[in-house]
Amino acid sequence: MLVVPDWWVWDFWLADDGEQFHAYFLQAPARVPANDRHWNVCVGHAVSPDLREWEVLGTALAPSREPAFDDFATWTGSVVRADDGVWQMFYTGLTRADRGMVQRVGVATSADLHHWTKESCDALVVADPRWYSTFAWTGRAEAWRDPWVMRDPGGDGWHMFVTASARDVPEDRAGVIAHARSADLRTWEVGPPVTAPGSGFAQLEVVQVELVDGEPVVLFSCLGPELSLDRRASGESGGVWAMTADSLTGPFDPTRASLVTDQSLYVGRVVRDRSGQWVMLAFHNEGADGRFVGWISDPIPWRSVWRGAPASASVVRGDRVGGPGR
């Protein structure tokens, strides 16, 4: 269990250097009301040999000084290792200049996964209005966050999958997974989404694409209030969702997705543990009292949740509820 005393902890992503697992996570002081945490956030860092016992190391990334694309907040991302051995963290940034209404993707680099240097005050990848809903077009907050970057399975460059909203689609079903490609991790070409709009989700958050036991698997998260009106009317609830695909690079069909947790757990990440088994971690979202919890779970065997009954926080960690500082 990854708990940071006196801090809320939520969205996270992982890197493995072969000896230690590195967790990067959104964190905010617990003195801040839980609902305000997104605007008082930095990226924390912890390491573990086994995904269970964690050493918390402090802050890995924080908002920049103004003016910069990330001078308001640094949000969720992912880490990959480039061909030259340098680690690359792609992350979401928001700026005070537009009151945090536009989400953009930037990058920081590290030689050791401990010390990170932002590459620019400017964003690296932004939403293309040909396919995606933008603040300039709608006046609503622009979704372009949670970049998941992976190497092309055939060795032909890199792919980025991003949480986005489609143009000209009712807001309650506009959620899509955006797609961009790069040969060098610096110049990105944004293309059309790899999911069709109208699949019943207002957002498909924190996407992960992995080959799990030889099967392409796509994870994303969506809470109950962010489901489409018809899904909610049919009694569906939210949490972590998963679906299989014919290819790691898409297209993907969210109508095939099924819940793997209820919304007491959120933002599922699958990873291979030191025994070679696939496990999933998620953050504890809602306690039994409905309040935000804010810590990261112990590993959950993937086979126990995939195509089974959705996992809940009470199964993962007994009936313990609460949160930092409580």
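Biologist: Hi! Which residue does Glu 236 form a salt bridge with?
Modeller: Hello! In this predicted model, Glu 236 pairs with Arg 231, and their closest N and O atoms are 2.8 Å apart.

Biologist: Nice. Is Arg 231 buried or exposed?
Modeller: Arg 231 counts as buried, because its relative accessibility is 11%. Its partner Glu 236 counts as partly exposed, at 31%.

Biologist: How many salt bridges does the structure hold?
Modeller: There are 17 of them. One of these joins the side chains of Glu 171 and Arg 140, at 3.5 Å from N to O.

Biologist: What does the pair of Glu 171 and Arg 140 tie together?
Modeller: Glu 171 sits in the loop between β10 (158-165) and β11 (175-182), and Arg 140 in the loop between α1 (135-138) and β9 (144-151), so their pairing ties together parts that are 31 residues apart in sequence.

Biologist: And how does Glu 171 count, buried or exposed?
Modeller: Exposed, with 51% relative accessibility. Arg 140 has 38% and counts as partly exposed.

Biologist: Which residue meets Asp 172 in a salt bridge?
Modeller: That would be Arg 173, with 3.6 Å from N to O between the side chains. Asp 172 counts as buried at 16% relative accessibility, whereas Arg 173 is partly exposed at 27%.

Biologist: Which residues are linked in a network of salt bridges?
Modeller: Arg 145, Asp 146 and Glu 205 are linked that way.

Biologist: Stepping back to charge, how many positive and negative side chains are there?
Modeller: The protein has 29 positive and 43 negative ones, and the centres of the two sets lie 3 Å apart. As a general point, side chains of opposite charge can pair when their charged atoms come close.

Biologist: Changing topic, where is Ala 143 found?
Modeller: Ala 143 is in the loop between α1 and β9. Ala 143 is buried, with a relative accessible area of 9%.

Biologist: What does Ala 143 touch, apart from residues up to four places away in sequence?
Modeller: With those set aside, Ala 143 touches Gln 103, Thr 163, Ala 164 and Ser 165. As for Val 126, which is 17 residues from Ala 143 along the chain, the two C-alpha atoms are separated by 9.8 Å.

Biologist: Now Gly 93: which strand does it lie in?
Modeller: Gly 93 belongs to strand β6, residues 87-94. Gly 93 is buried, with a relative accessible area of 0%.

Biologist: Which residues is Gly 93 in contact with, leaving aside neighbours within four places in sequence?
Modeller: Those contacts are Phe 69, Asp 70, Ala 73, Val 102, Gln 103 and Arg 104. Gln 103 also appears in the list for Ala 143.

Biologist: How far apart in space are Gly 93 and Val 4?
Modeller: They are 23 Å apart from C-alpha to C-alpha, and 89 residues apart in sequence.

Biologist: On to the overall fold: how many helices and strands are there?
Modeller: The protein has 4 helices and 20 strands. Its C-alpha trace spans about 50 × 45 × 40 Å along the principal axes.

Biologist: What radius of gyration does the protein have, and what would a compact globule have?
Modeller: The protein has 18 Å, which agrees with the value near 20 Å for a compact globule with 326 residues. Of those residues, 58% count as buried.

Biologist: Last one: what share of the contacts with a separation of 6 or more involves residues 24 or more positions apart?
Modeller: Such residues account for 54% of those contacts. On the outside, the protein exposes about 13,500 Å², with carbon and sulfur atoms supplying 48%.

Conventions. Residues numbered from 1 in each chain as written. Predicted model: local features only at pLDDT ≥ 70, side-chain atom pairs only at ≥ 80, totals over all residues. Heavy atoms only, no water. Salt bridge = Lys/Arg side-chain N within 4 Å of Asp/Glu carboxyl O. Helix = DSSP H or I, 4+ residues; strand = E, 2+ residues; numbered from the N terminus. Buried < 20%, exposed > 50% of the residue type's maximum accessible area, 1.4 Å probe, protein only. Contact = heavy atoms within 4.5 Å. Rg over C-alpha atoms; globule rule 2.2 N^0.38 Å. Areas by Shrake-Rupley, 256 points an atom, 1.4 Å probe, with all protein chains shown as cover. Lys, Arg positive; Asp, Glu negative; His and termini not counted. Charge placed at Lys NZ, Arg CZ, Asp CG, Glu CD.
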